[in-house]
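Trainee: I'm new to this structure and I'd like a close look at one part of it. Could you walk me through the pockets, and then the charged contacts around the helices that line them?

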Amino acid sequence: MLYTGIQLYANPYYTTDSVLAENRDVVEATIRAIARGWGWAHDNPEGAVDYLVERYPNLDRDSELRAVDLVIGYSFNDRTAANGWGTMTRENWQAQIDIYNQLGQFASGAPALEDVMTLDILEATADARPKLG
């Protein structure tokens with residue numbers, strides 16, 4: 001697959017260092033639950049839209065139904081089929097940092113990779129993240 005530009009991840013989740021250090025079990029449980037939900041949405045897109053619109057009634061069901069296949073297609077691909085929903089690589093994160101640095105987006109210089117990302121939670125939840133794509 002050929003990529004151009006900046007390859008971003010679909011629906012990333014962020015936390016702080018202190019939350020990760022003090023509540024790692026909660027973060028892992030959260031990712032496991034979210035992964036199950038995304039797996040269910042992958043297999044039941046219309047039902048997922050119904051839940052979404054029920055929770056956010058300001059959304060238009062017909063519009064969401066037209067968009068759901070695009071969202072699922074963006075969230076699941078050959079990499080998620082091989083490594084599970086939410087899979088990421090250090091190399092891709094570093095490439096993003098490098099591009100943003102080249103564009104002058106960091107006032108104090110580019111951050112070190114290990115200061116902005118970890119794969120620890122993804123590795124700990126690998127068994128629960130659906131391998132679909």
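Mentor: Let's start with the pockets and then move to the salt bridges and the surface. Keep in mind that this is a predicted model.

The largest pocket has a volume of about 1000 Å³. Its lining counts 39 residues, and those closest to the centre are Pro12, Tyr13, Met88, Trp93 and Leu122. Quite a list of helices gives two or more residues to that lining: H1 (17-22), H2 (24-43), H4 (61-75), H5 (78-83), H6 (90-102), H7 (113-116) and H8 (120-124). Who gives the most to the lining of the largest pocket? That's H2, with 4 residues. If you sort the lining by class, you get 20 nonpolar, 15 polar and 4 charged residues.

Now for the second largest pocket, with a volume of about 280 Å³. Here 14 residues make up the lining, and Trp38, Ala41, Ala48, Val49 and Leu52 lie nearest the centre. At least two lining residues come from each of H2, H3 (45-55) and H4. The class split for this lining is 12 nonpolar, 1 polar and 1 charged. So keep an eye on H2 and H4: they appear in the list for the largest pocket, and they turn up again for the second largest one.

Those helices also carry salt bridges, and the count for the model comes to 5. Take H2 to begin with. Arg32 pairs with Glu28, and their closest N and O atoms are 3.7 Å apart. Why can these two reach each other along the helix? They sit 4 residues apart in H2, which means about one helical turn separates them. How covered are the two partners? Arg32 is partly exposed at 23% relative accessibility, while Glu28 is buried, with a relative accessible area of 15%. Since buried means under 20%, Glu28 falls below that cut-off. The pair isn't on its own either: Arg24, Glu28, Arg32 and Asp127 are linked in a network of salt bridges.

Next, look at Arg61, which meets two acidic partners. One is Glu46, with a salt bridge of 2.9 Å from N to O. Glu46 belongs to H3 and Arg61 to H4, so this contact ties together parts that are 15 residues apart in sequence. The other partner is Asp50, whose side chain meets that of Arg61 in a salt bridge of 2.5 Å, N to O. Asp50 also lies in H3, so this pair ties together parts 11 residues apart in sequence. As for cover, Arg61 is partly exposed, with a relative accessible area of 29%, and Asp50 is partly exposed too, at 34%.

One last stop, out on the surface. Ile6, Leu8, Tyr74 and Leu103 form a nonpolar patch there, and together they have about 390 Å² of accessible area. Tyr74 is the one to look for if you're tracing H4, since that's the helix it lies in.

To pull it together, H4 holds Arg61, a partner for Glu46 of H3 and for Asp50 of H3, and H4 also holds Tyr74. H2, meanwhile, gives the most to the lining of the largest pocket and contains the pair Arg32 and Glu28.

Technical notes
Residues numbered from 1 in each chain as written. Predicted model: local features only at pLDDT ≥ 70, side-chain atom pairs only at ≥ 80, totals over all residues. Heavy atoms only, no water. 1 Å grid on protein atoms, 1.4 Å probe; cavity = no way out; pocket = protein on both sides within 12 Å on 5 of 7 lines; lining within 4 Å. Points joined across faces, edges and corners; volume = space filled by probe spheres on them. Nonpolar A, V, L, I, M, F, W, Y, C, P; charged D, E, K, R; others polar. Patch = residues over 30% accessible without salt bridge, like charges linked within 9 Å, V, L, I, M, F, W, Y side chains within 5 Å. Areas by Shrake-Rupley, 256 points an atom, 1.4 Å probe, with all protein chains shown as cover. Salt bridge = Lys/Arg side-chain N within 4 Å of Asp/Glu carboxyl O. Buried < 20%, exposed > 50% of the residue type's maximum accessible area, 1.4 Å probe, protein only.
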